[in-house]
Amino acid sequence: MLDFAGKDYLLKCQDGATGMLKLPKGCAKLVYGSPPYPNAERNYGVWKTTEYIDKISPFIDGALHVLSDDGFLVINVKANREKKTSHASSRRSLVIEKLAIMLEEKWHMFCVDIEIWVKGNPVPTGLRCACQDGYEQNLWFSVSPKWEINIDAIRRPYESHSLETYSDYEYKPRGNGLTYVRKKKTIDPNPIGALPLNIITGGVSAKKGKHQAMQPAYLPEKYIKACTNSGDLVVDPWVGSGTTGVAAVELGRRFVGFDVYQEYIDIAECEMKAVVKEDSHGRICEKTATGKVE
């Protein structure tokens with residue numbers, strides 16, 4: 001059993017791979033995190049592309065230990081480039097694609113999708129041998145070969161032109177043999193919204209802090225909504241400044257986060273405390289998915 005000490009979250013200064021193995025088996029519905037990027041120089045060291053799979057493997061093992069049979073793993077990561085030399089230009093690493101393939105072939109997980117986060121304000125790199133780097137990948141995998149997600153929870157607003165088209169347009173079978181429209185039909189917009197895309201567009205976090213790679217909250221929010229229900233456990237083995245934990249608690253989920261730096265655990269703790277309140281009896285009260293405090 002997990003001892004949350006009266007709270008719905010738990011933060012530990014510990015290696016995330018080791019920490020997950022110490023959690024009860026199958027207790028989490030979602031493991032979401034953003035590991036060190038290949039070749040990125042950060043204060044937690046450099047995970048070189050030549051050793052990247054070896055570095056991240058213990059975390060995948062830990063995730064599979066903690067995930068339930070209907071659980072999900074989402075890894076937000078960017079494939080950095082190899083450094084140029086006097087004989088070669090800076091080439092894009094394919095280690096993230098290799099990781100995605102290994103998640104199926106080695107760890108026997110099942111790919112829900114590889115979604116793309118298009119950053120509206122990417123950091124300039126001065127790169128001249130290829131185009132400006134403006135996206136990251138979200139590797140979304142299921143433990144089970146047959147899964148269900150909360151599709152309605154992540155629907156998006158319709159584009160105005162789509163609503164105009166649906167209001168008076170009749171879709172007809174194609175004359176070129178394509179069969180995705182088999183008979184004449186019209187489309188009634190779903191009152192909740194349009195189906196979600198596998199492309200996420202938005203700016204990087206504008207929040208200033210001591211952590212070197214702070215995420216915008218809308219990234220973990222999407223997968224928490226899609227993969228979990230109220231009361232489910234979300235785990236982040238690279239908790240950093242606590243963005244995933246804040247999103248989980250605000251949506252009425254429980255959360256466990258790990259980081260090897262106590263400074264980041266302290267920052268995350270402050271962020272988590274900001275989304276909880278105490279009533280007159282001293283009981284911890286947290287926001288539900290509707291934003292209300294219960």
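The following questions and answers look at the core, two buried residues and a pocket of a predicted model.

In this predicted model, local features need pLDDT of at least 70 and side-chain atom pairs count only at pLDDT 80 or more, while totals for chains, interfaces and linings use all residues. Residues are numbered from 1 along each chain as its sequence is written, and side-chain values use heavy atoms, with hydrogens and water left out.

Student: Which element gives the most residues to the largest nonpolar core?

Tutor: A nonpolar core is a set of buried Ala, Val, Leu, Ile, Met, Phe, Trp, Tyr and Cys residues joined through side-chain atoms within 4.5 Å, where buried means under 20% relative accessible area, exposed over 50% and partly exposed in between (1.4 Å probe, protein chains only). The largest such core has 37 residues, and those with the most contacts inside it are Leu73, Leu103 and Val235. Elements are DSSP runs numbered from the N terminus, helices being H or I with at least four residues and strands E with at least two. Among those giving two or more residues to this core are β3 (67-77), α3 (95-105) and α2 (52-66), and the most, seven residues, come from α2.

Student: Is Ser68 buried or exposed?

Tutor: Ser68 is found in strand β3, and its side chain is joined to that of Asp70 by a polar contact of 2.7 Å (a pair of N or O atoms within 3.5 Å; within protein, one must be able to donate a hydrogen and the other to accept it, and residues adjacent in sequence count only if both atoms are side-chain atoms). Because its relative accessibility is 14%, Ser68 counts as buried.

Student: How far apart are the C-alpha atoms of Val239 and Ile265?

Tutor: Val239 is found in the loop between β7 and α6 (243-250), and with a relative accessible area of 4% Val239 is buried. Leaving aside neighbours within four places in sequence, Val239 is in contact (heavy atoms within 4.5 Å) with residues including Leu11, Phe255 and Ile265. Although Val239 and Ile265 are 26 residues apart along the chain, their C-alpha atoms are separated by 7.7 Å.

Student: Which element gives the largest share of the lining of the second largest pocket?

Tutor: On a 1 Å grid over the protein atoms alone, a pocket is an open set of points where a 1.4 Å probe fits, with protein on both sides within 12 Å along at least five of seven lines, and lining residues have an atom within 4 Å of a point. Of the 13 residues that line the second largest pocket, the closest to its centre include Ile154, Ile200 and Lys222. The elements giving two or more residues to this lining are β6 (199-202) and α5 (218-227), and the largest share, four residues, comes from α5.
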